[in-house]
Amino acid sequence: SYMSRSASLDRQTSETNIHVSIQLDGTGQADIKTGIGFFDHMITALAKHSLMDLTIRAQGDLHIDPHHTVEDVGITIGKALYQALGDKKGIRRFGNSTVPMDEALASVVVDFSGRTYLVWNANIPRSRLGDFDTELTEDFWQAFASQAQCNLHVQLHYGRNTHHLIEAIFKAAAQAIRQAIELDSRATGSIPSTKGTLSK
């Protein structure tokens with residue numbers, strides 16, 4: 001049922017302290033505070049375009065670098081999403097989206113298969129954007145895929161502006177996730193797999 005498609009998780013390590021609340025059948029409300037401005041902007045876009053409600057509080061060792069915080073937020077969002085999906089009855093399971101952001105174009109395909117795989121075909125030439133290391137974009141989606149137990153393929157077709165390149169990826173991912181986690185009115189609560197299960 002819609003009511004149960006939510007989860008709250010806390011993750012604490014010596015490096016980070018993270019709280020994530022997720023509601024799959026939301027309206028895209030985002031309340032994100034990670035201490036990394038650009039990353040907050042991207043997670044807000046993720047919530048907005050997936051129509052998931054997301055609350056995130058992250059305190060990390062930003063005096064070292066943003067790496068642990070970004071990766072651990074990816075882990076925690078993925079885990080919360082996996083938990084909120086439950087037995088995955090009635091979901092579409094697959095999603096794909098191609099999104100332009102001015103001169104940039106990105107495609108993301110996702111399968112909530114219970115198997116983890118990230119294919120990353122995205123070359124982001126500039127290494128820094130504000131206080132964000134752009135290579136952390138891949139690390140975030142790798143962490144997310146590993147815990148959401150999904151197969152995620154990311155293709156960055158072209159573009160020039162680093163902000164646009166990364167934002168196109170986040171928006172395409174959000175749209176693909178939105179499709180995949182949506183309850184399919186024709187599936188009437190069956191599990192979308194010939195195996196009869198989508199958990200490991």
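In this predicted model, Thr34 touches quite a list of residues once its neighbours within four places in sequence are set aside: Phe39, Asp40, Ile56, Ala58, Leu62, Thr69 and Val73. Thr34 sits in the loop that links strand S3 (30-33) to helix H1 (37-50). With a relative accessibility of 1%, it falls under the 20% cut-off and so counts as buried. Its side chain has polar company too. A polar contact of 2.5 Å ties it to the side chain of Asp40, and a polar atom of the Thr34 side chain lies 3.2 Å from the backbone nitrogen of Ile36.

Next comes helix H2 (residues 67-85). Its 19 residues, at 1.5 Å apiece, should span 27 Å, and the C-alpha atoms at its ends are indeed 27 Å apart, so the two values agree. Right after H2, Gly86 adopts a positive phi of about 60°.

Further along the chain there is an open sheet of 4 strands, ordered S5-S6-S10-S7 and mixed in its pairing. Strands S5 (94-101) and S7 (117-121) are the edge strands; each has a single partner, so one side of each goes without a neighbour in the sheet. From one strand to the next, the twist averages 10°. S5 pairs with strand S6 (residues 104-111) in the antiparallel sense, over 8 bridges, and Ser97 stands opposite Val108 in S6.

Two helices pack on this sheet. Helix H3 (residues 136-148) touches S7 and strand S10 (151-158), with its direction at about 160° to that of S7. Helix H4 (residues 162-181) touches S5, S6, S7 and S10, and its direction makes about 150° with that of S5.

Methods:
Residues are numbered from 1 along each chain as its sequence is written. This is a predicted model: local features need pLDDT of at least 70, side-chain atom pairs count only at pLDDT 80 or more; totals for chains, interfaces and linings use all residues. Side-chain values use heavy atoms; hydrogens and water are left out. Two strands pair if DSSP finds at least two bridges between them. Axes are lines fitted to C-alpha atoms, for helices over the stretch in contact, and angles run from 0 to 180 degrees between N-to-C directions. Contact means heavy atoms within 4.5 Å. The expected span of a helix is 1.5 Å times one less than its number of residues. Buried means under 20% relative accessible area, exposed over 50%, partly exposed in between (1.4 Å probe, protein chains only). A polar contact is a pair of N or O atoms within 3.5 Å; within protein, one must be able to donate a hydrogen and the other to accept it, and residues adjacent in sequence count only if both atoms are side-chain atoms.
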